[in-house]
Amino acid sequence: MAIIEGRAPIAGAARTAPATVAAPAALTPRTPAAYAFGVARIALGWVFLWAFLDKMFGLGFATPAA
């Protein structure tokens, strides 16, 4: 930090290594539960997307067209 700020480092100060980013964890095998959660997530996203599209464009499926 001292170099960035333009100051000389303090004599005798402990030097610490900069923080490093950990490598990503090893990929875990896919389980049936992971696939089920993935399908549920996509289905829930579709429900909200469909509700938005129906209300935005007045498609008349869940809401009457005005």
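This is a short tour of a predicted model, moving from the whole chain to single residues.

**Whole chain.** Start with everything selected. The protein chain has 66 residues, and 3% of them count as buried. About 6500 Å² of the chain is exposed, with carbon and sulfur atoms supplying 72% of that area. Colour by secondary structure: there are 2 helices and 0 strands.

**Helix H2.** Next select residues 32-57, which make up helix H2. Place a distance between the C-alpha atoms at its two ends, and the value is 37 Å. The 26 residues of H2 should span 38 Å at 1.5 Å a residue, so the two figures agree.

**Residues 33-53.** Now narrow the selection to 33-53. An unreviewed UniProt entry annotates these residues as "transmembrane region". In the model this stretch is 100% helix and 0% strand, and its end C-alpha atoms are 30 Å apart.

**Leu 53.** Stay in helix H2 and pick Leu 53. Its relative accessibility is 23%, so Leu 53 counts as partly exposed. Which residues does Leu 53 contact, leaving aside its neighbours within four places in sequence? They are Gly 58 and Leu 59.

**Gly 58.** Go to this contact of Leu 53. Gly 58 comes just after H2 and takes a positive phi of about 60°.

**Phe 61.** Move on to Phe 61, in the segment after helix H2. Is Phe 61 buried or exposed? Its relative accessibility is 63%, which is why Phe 61 counts as exposed.

**The nonpolar patch.** Finally, show the surface and select Trp 46, Leu 49, Trp 50, Phe 52, Met 56, Phe 57, Leu 59 and Phe 61. Together these residues form a nonpolar surface patch with about 910 Å² of accessible area. Two stops on this tour meet here: Phe 61 belongs to the patch, and so does Leu 59, a contact of Leu 53.

Notes
Residues numbered from 1 in each chain as written. Predicted model: local features only at pLDDT ≥ 70, side-chain atom pairs only at ≥ 80, totals over all residues. Heavy atoms only, no water. Patch = residues over 30% accessible without salt bridge, like charges linked within 9 Å, V, L, I, M, F, W, Y side chains within 5 Å. Areas by Shrake-Rupley, 256 points an atom, 1.4 Å probe, with all protein chains shown as cover. Salt bridge = Lys/Arg side-chain N within 4 Å of Asp/Glu carboxyl O. Helix = DSSP H or I, 4+ residues; strand = E, 2+ residues; numbered from the N terminus. Buried < 20%, exposed > 50% of the residue type's maximum accessible area, 1.4 Å probe, protein only. UniProt positions renumbered as here; feature names shortened; annotations may be inferred. Expected span 1.5 Å × (residues − 1). Contact = heavy atoms within 4.5 Å.
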